[in-house]
Amino acid sequence: MTTDFFSILHSDSHGSARTGILHLAHGPVRTPVFMPVGTNATVKAVSKESLEEIGFKIILANTYHLFLRPGPDLIQDAGGLHGFSGWKRNFLTDSGGFQVFSLSPLRKITMQGAEFRSHIDGSKRFFTPESVVDIQTKFNSDIQMQLDVCTGWDVSRKEAEHALAVTTDWAGRAKKEWQIRQSAGYRGALFPIVQGNFFEDLRRQSAGFVSSLDTPGIAIGGLSVGEPAEKFAEYLQFTVNHLPAAKPKYVMGIGTPEYILEAVADGIDMFDCVLPTRNARNGSYFTHDGMLSIKQERFAHDFSPVDPECDCKVCRNYSRAYLRHLFKDQEILSAMLSSYHNLYFLNALMKEIRRAISEDRFDQYRKDFLARYEAKNIV
């Protein structure tokens, strides 16, 4: 199943997991794919050379933060995000909707758009779905998101209905503005966002409308916002079942093996999260036997690698004892090495997942990986 934007290479014969290729302006991207978060056009503590060395083909940047500083006009003058940052592969940019959501005491949402106050200087700013498309076009984003209204896990139905009504209106307006930009030569894709909180009829309604827009891909929002893991899985599966199979699907804000494997099993192709690098800066490392907290006293004289089965340059060249020393002394190198390892681990996991899908053994791979990972038998 192939479109100009997305090709499905293989669907696992025992479930919904599939492999594919995103055909993007700055090179093809194999899916399922994890995208590191580079909020300010940089992944914290990781250079673009390291990202290339690991093998990433796409990273995420944040529209809200880059809009405030250094600003879209400066970035456009530099040649878009690629020219500004030197990262020559693909950028996905979010809409800033989640950041506006998180600024709830400082923002006001109407059908026209979202008014908010900058967290930097308190200045009053205004986003519309059209202006957000314009900003991301100036960034020359390879994939951009529509402006949406995200709601928390415990909101009322009335609030969820209103947020969905606004998001639906904004999606249609964003598509019109994106089409205008396309006619002027912009090559990036637009993904509208499914919302509806944790109400099945609202999710179904949103999925139907978003599908009718017939954009290159679709994002699934309003999940991983504090709900129990079983609710995440339930509503992700429900939402996916109401979306067209041929479109690439992106779930925002997941970055642990458990959640990634759940999403892949449901047919999700793309995901991102700040957690792998944030946890890394706090001394938490991914291993095949669960998360390892390097600050523990028992590692003070442990000269083995973080994960003996990982072949990243951190595990090849540094011991747990040394990494603990770096963390305890708050050396900058600690964040650099831990972030490199965690991103390498996830990228290697994605390669293994794609291989398992192509060999029709994803379900068994998932069971085997989680049985070991969740046992947390780190020695």
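Rings of Phe, Tyr and Trp pair if their centres lie within 6.5 Å. The views below show a predicted model.

**View 1. Ring pairs link Tyr64, Phe67, Phe116 and Phe127 into a cluster.**
A search of the whole structure finds 12 aromatic pairs. One of them joins tyrosine 64 and phenylalanine 116: the ring centres are 5.5 Å apart and the planes stand at 50°, so this pair is tilted. The pair links distant parts of the chain. Tyrosine 64 sits in helix H2 (residues 63-68), phenylalanine 116 in strand E8 (residues 114-117), and 52 residues separate them. Both tyrosine 64 and phenylalanine 116 are buried. In the pair of phenylalanine 67 and phenylalanine 127, the centres are 5.0 Å apart and the planes meet at 65°, so the pair is edge-to-face. Phenylalanine 67 belongs to helix H2 and phenylalanine 127 to strand E9 (residues 124-127), so this contact ties together parts that are 60 residues apart in sequence. Phenylalanine 67 and phenylalanine 127 are both buried.

**View 2. Glutamate 115 in strand E8.**
Glutamate 115 is partly exposed, with a relative accessible area of 29%. That value places the residue between the cut-offs, because buried means under 20% and exposed means over 50%. Leaving aside residues up to four places away in sequence, glutamate 115 touches Leu106, Arg107, Lys108, Lys124, Arg125 and Phe126. Valine 100 is 15 residues away along the chain, and its C-alpha atom is separated from that of glutamate 115 by 8.5 Å.

**View 3. Helix H7 (residues 157-183) and its packing partners.**
H7 has 27 residues. From its first C-alpha to its last it reaches 39 Å, close to the 39 Å expected at 1.5 Å a residue. Its buried residues include Ala160, Ala163, Leu164, Val166, Thr167 and Trp170. Also buried are Ala171, Gly172, Ala174, Lys175, Glu177 and Trp178. Thus charged side chains appear in the buried set too, since Lys and Glu count as charged. The buried residues of H7 pack against strand E7 (107-109), E8, helix H6 (129-139), strand E11 (189-191), E12 and H8. Glycine 185 follows H7 and has a positive phi, near 110°.

**View 4. Helix H9 (residues 229-240) and its buried residues.**
H9 has 12 residues and reaches 17 Å from its first C-alpha to its last. The expected span, at 1.5 Å a residue, is 16 Å, and the two values are close. Phe232, Ala233, Tyr235, Leu236, Phe238, Thr239 and Val240 are buried. An α-helix has 3.6 residues a turn, so residues three or four places apart point the same way. The buried residues of H9 pack against two helices, H8 (200-212) and H10 (257-265). They also pack against strands E12 (193-194), E13 (218-220) and E14 (249-252).

**View 5. The largest pocket, with a volume of about 870 Å³.**
The lining has 41 residues. Closest to the pocket centre are Phe98, Gln99, Gly253, Asp272 and Val274. Several elements each supply at least two lining residues: strand E5 (58-62), H2, helix H5 (97-102), E14, strand E15 (270-273) and helix H11 (275-281). By class, the lining has 18 nonpolar, 17 polar and six charged residues.

**View 6. The second largest pocket, with about 260 Å³ of space.**
Here 14 residues form the lining. Ser16, Val240, Ala245, Asp266 and Gly267 are the closest to the centre. Strand E1 (6-11) and H9 give two or more residues each. Val240 is also one of the buried residues of H9. The lining divides into five nonpolar, six polar and three charged residues.

**View 7. The largest cavity, with a volume of about 40 Å³.**
A search of the whole structure finds one cavity of 30 Å³ or more. Ten residues line the largest cavity, and Gly97, Val100, Ile109, Asp148 and Val149 are the closest to its centre. H5 gives the most to this lining, with three residues. By class, the lining has eight nonpolar residues, one polar and one charged.

Definitions and conventions: Residues numbered from 1 in each chain as written. Predicted model: local features only at pLDDT ≥ 70, side-chain atom pairs only at ≥ 80, totals over all residues. Heavy atoms only, no water. Helix = DSSP H or I, 4+ residues; strand = E, 2+ residues; numbered from the N terminus. Expected span 1.5 Å × (residues − 1). Buried < 20%, exposed > 50% of the residue type's maximum accessible area, 1.4 Å probe, protein only. Contact = heavy atoms within 4.5 Å. Phe/Tyr/Trp six-rings, centres within 6.5 Å; stacked < 30°, edge-to-face > 60°. 1 Å grid on protein atoms, 1.4 Å probe; cavity = no way out; pocket = protein on both sides within 12 Å on 5 of 7 lines; lining within 4 Å. Points joined across faces, edges and corners; volume = space filled by probe spheres on them.
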